[in-house]
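Hi,

Here's the structure I promised to pass on. Have a look at it first, and then read my notes underneath.

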Amino acid sequence: MPGLPRLPLLKADCGDCFALCCVALPFARSADFAFDKAAGTPCRNLRQDFRCGTHATLRDKGFQGCTVFDCFGAGQQVSQVTFGGRDWRTDRDTAAAMFEVFPVMRQLHELLFYVDQALGLPAARPVHDALRKALTETEELTRADAAALAAADVPALRAGINTLLIETSELVRAKVPGKKKNHRGADLMGARLAGADLRGANLRGAYLIAADLGRADLRGADLIGADLRDADLRGADLTDTIFCTQAQLNAARGSAATRIPAGLTRPAHWTA
């Protein structure tokens with residue numbers, strides 16, 4: 001799109017990252033993680049070459065949370081751009097700042113993902129100018145130094161962009177024929193929604209943990225922030241859903257018959 005900045009890669013490229021998600025972030029022993037780990041402490045599965053020693057069997061060994069996580073490309077941006085390829089093992093002085101900046105960069109990249117998607121929706125044209133401005137400002141911040149990133153007011157940036165994303169959602173879903181369901185923020189955990197007509201539905205922030213969405217029609221639905229952990233998407237149609245992320249698909253259960261949005265990848269653990 002002419003006039004827009006060249007965006008950083010918004011998909012994780014672990015080969016260009018110093019395993020920041022395996023070090024900077026904490027996790028607690030649970031159904032998603034086999035043991036506790038403090039922020040800034042390398043995971044005990046991390047090898048010296050910054051690769052995971054149990055990557056191929058993470059789910060089998062109790063690390064489902066690792067297979068769901070997506071940094072939206074923030075890891076390689078911090079590793080290769082913010083810190084110019086200096087890693088926290090050989091340049092110890094960078095460690096604390098690198099670990100502090102990584103969660104900030106991840107939020108910025110997530111916002112870029114949503115704004116970039118909104119700019120690709122013709123129905124959202126009335127807010128495209130404002131979205132372009134937000135994209136430029138956010139992209140410029142991703143190229144700032146570590147001190148500027150650490151001091152960034154991300155909540156304020158997120159609030160402004162969220163307003164534009166809500167407008168985008170309303171414009172896009174208005175084009176979907178028929179009455180649309182509003183389940184924004186709803187508790188739908190374990191809900192029986194197999195075969196449901198959810199075209200153009202507002203599912204922003206909905207709790208769909210372990211919900212049965214098999215064969216449901218989700219075309220044109222807004223899924224931003226929806227919790228799809230262990231949701232059954234087998235045979236569901238997610239074509240043209242808006243603001244659906246790879247992490248949401250990774251957290252759910254699906255099949256070869258599940259229709260997913262363009263640009264996302266069918267998770268390896270889904271059934272045939």
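Below is what I found, starting with one helix and moving on to one loop residue. Keep in mind that this is a predicted model.

**Helix 4**

Helix 4 covers residues 128-142, which makes 15 residues. At 1.5 Å a residue it should span 21 Å, and its end C-alpha atoms are indeed 21 Å apart, so the two agree.

Which residues of helix 4 are buried? They are His128, Leu131, Ala134, Leu135, Thr138, Glu139 and Thr142. Looking down the helix axis, you'll see these buried residues fall within an arc of 130°, so they line one face of helix 4. Asp129 and Lys133, on the other side of the helix, are exposed.

And what covers the buried residues? The cover includes helix 2 (74-82), helix 3 (95-119), helix 5 (146-151) and helix 6 (154-173).

**Asp237**

Now go to the loop between helix 6 and helix 7 (246-251), where you'll find Asp237. Is Asp237 buried or exposed? Its relative accessibility is 10%, and buried means under 20%, so Asp237 counts as buried.

Leaving out residues up to four places away in sequence, Asp237 touches Ala216, Asp217, Leu218, Arg219 and Arg259. With one of these, Arg259, there is a polar contact between the two side chains, at 3.5 Å. Try one more pair on screen: Asp237 and Ala257 sit 20 residues apart along the chain, and their C-alpha atoms are separated by 8.5 Å.

Have fun clicking around!

Cheers

Notes: Residues numbered from 1 in each chain as written. Predicted model: local features only at pLDDT ≥ 70, side-chain atom pairs only at ≥ 80, totals over all residues. Heavy atoms only, no water. Helix = DSSP H or I, 4+ residues; strand = E, 2+ residues; numbered from the N terminus. Expected span 1.5 Å × (residues − 1). Buried < 20%, exposed > 50% of the residue type's maximum accessible area, 1.4 Å probe, protein only. Arc of directions from axis to C-beta. Contact = heavy atoms within 4.5 Å. Polar contact = N/O pair within 3.5 Å; in protein donor to acceptor, adjacent residues only side chain to side chain.
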